[in-house]
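Dear colleague,

I am handing over the structure below, and my notes on the sheet and the helices that pack around it follow. Please read them with the coordinates open beside you.

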Amino acid sequence: MKNYIWVKVFKDENKERIKMEVGLIGLGKMGYNLALNLRDHKHEIIAYNRSSDKTESIEKEGIRGVYSIKELCHSFKDKRIIWMMIPSGDAVDNTIDELLEFLSPGDVVIDGGNSFYKDSIRRYHKLKTLGIDFVDVGTSGGTDGARNGACTMVGGEPEVIDYLSPLFKDISVENGYSYIGAPGSGHYVKMVHNAIEYGMMQAIGEGFELLNASPFDIDFHNVAKVWSNGSIIEGLLMRSVLGAFEKSDRLENIQGIVDSSGEGQWAVEEALRLKVSMPVISNALFARYKSVDTGKFSEKVVASIRKEFGGHAIHEKR
Ligand SMILES: NC(=O)c1ccc[n+]([C@@H]2O[C@H](COP(=O)([O-])OP(=O)(O)OC[C@H]3O[C@@H](n4cnc5c(N)ncnc54)[C@H](OP(=O)(O)O)[C@@H]3O)[C@@H](O)[C@H]2O)c1
C-alpha cells in the first residue's frame, strides 16, 4: 500500500476543512449538481462532459470547464482525483480506457454512478495493477441530494477512502456518508438500496391505484400531502408523489411505463444466486417489465387458454 501524502490538499482559512482538486466527468442531472455542491464546499472542480453544452453552462457558474479527457488530465496541478458520474456499463469502461492514456500511478478514479458491483471489483483490480486507485460510491438522494446534501456509501481500500473522506463528508448530509468496506461494497449496498426503492415505489403506486378505484372522490394531492406529514410512510418518495400530484392531480400526461436501469435486476439475480427470498422486490421488478410490455403475449396466451377450455370470451383485435 502506497503512502498517502497530502499533496494537492490544503486547509482553508479556518483550518478545519480539507480542500481537494477534483475532475468531474459527466455533467448530467447528478454530476452537474454534484459539481455545484463540491464547489460550494470550496473544492476546486475541473468539469468535463461528453457534449459541450453542459460544460459551457457550468462555466457560467464559475466552475472551470474542459473539453476533452486529455485536457482534463493535463489540468491537474498534482495528484488526479477523477470522479465519474455517467451511466453504468460500457460508458464507464470506455471512459476509464480513455483516462488510462493520461493517468499516473497514485491517481484515483471514483465511480459515483450506479455500476454493477462485480464490474467495480473488476475495474478496481485492473487499475490496481497500474498503481491507480479505484473507489466505488453509491450515491443516493436524487438530484436535490447531489446539489444540497447526498447520501454516500463508499467502497475501496481504507487508506484511499480515509484520504478522500473530506470530499464524501462535504457532499453528504450529516451522518449521510459511510465507508462500507472492500472495493465493490459501495455499489453492492447501493444495488440493495435501489432494490428496496423499487419495492417501496411499487407499494406506493399500488396504494394510489386502489384509491383511484375506490368509491370515494379522493384528492390524491391532499392524501400525498397528509401522508408526507407525520405518517409512517412519509419520506422523499412520498414527497416526490406529492410533487407529481402538484403538477397534475391525475397524472393525465404520463404514460404508465416504468423503465429500469439495472439495479433491481442485479439484486434479484443476486438473491437467486444466494437463495434469498425477495418476493416484494422481484415483483416490483416484474411490474416494471410488464409496464413496458406492449405485446402482452402472456395475457394473450391466458385468454386463449380460457377460451379453449371453457369457451370464455376473448377480446378480439379490431
Ligand atoms: N438521477 C438520479 O436520481 C441518480 C441517483 C443516483 C445515482 N445515479 C446514477 O448517476 C449516474 C448519472 O446519472 P444522471 O441521472 O446524472 O444521468 P444523466 O442525466 O442521463 O447524465 C448522464 C451523463 O453522462 C454522460 N454520458 C452518457 N453516456 C456517456 C458515455 N457513453 N460516455 C461518456 N459520458 C456519457 C452524459 O453526457 P451527454 O450530456 O453528452 O449525454 C451526461 O452528462 C448514473 O450511473 C445513474 O444511475 C442517478
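To begin with the helices on the sheet, and bearing in mind that this is a predicted model, helix 1 (residues 29-40) lies across strand 3 (21-25), strand 4 (44-48), strand 6 (81-84) and strand 8 (133-140), and runs at about 165° to strand 3. Helix 5 (residues 117-128) also packs on the sheet, where it touches strand 7 (108-111) and strand 8, its direction making about 150° with that of strand 8.

The sheet itself is open and is formed by eight strands in the order 5-4-3-6-7-8-9-10, with mixed pairing. Its edges are strand 5 (64-66) and strand 10 (172-181), each of which pairs on one side only, and neighbouring strands are turned by 25° against each other on average, if direction is ignored. At the strand 10 edge, strand 9 (residues 150-155) pairs with strand 10 in the parallel sense over five bridges, and Met 153 has Ser 178 in strand 10 as its bridge partner.

Turning to the contact between two helices, helix 4 (residues 90-100) packs against helix 5 at an angle of about 10°, with the axes 12 Å apart; since angles under 35 degrees count as roughly parallel, the two helices are therefore roughly parallel to each other. On the helix 4 side the contact involves Val 92, Asp 93, Ile 96, Asp 97 and Leu 100, which meet Arg 122, Arg 123, Lys 126 and Leu 127 of helix 5. Sorted by class, this contact holds four nonpolar and five charged residues, and no polar ones.

With best wishes

Terms used: Residues numbered from 1 in each chain as written. Predicted model: local features only at pLDDT ≥ 70, side-chain atom pairs only at ≥ 80, totals over all residues. Heavy atoms only, no water. Pairing = 2+ DSSP bridges. Helix = DSSP H or I, 4+ residues; strand = E, 2+ residues; numbered from the N terminus. Axes fitted to C-alpha atoms, helices over the stretch in contact; angles between N-to-C directions. Contact = heavy atoms within 4.5 Å. Parallel < 35°, antiparallel > 145°, perpendicular 65-115°, else oblique. Nonpolar A, V, L, I, M, F, W, Y, C, P; charged D, E, K, R; others polar.
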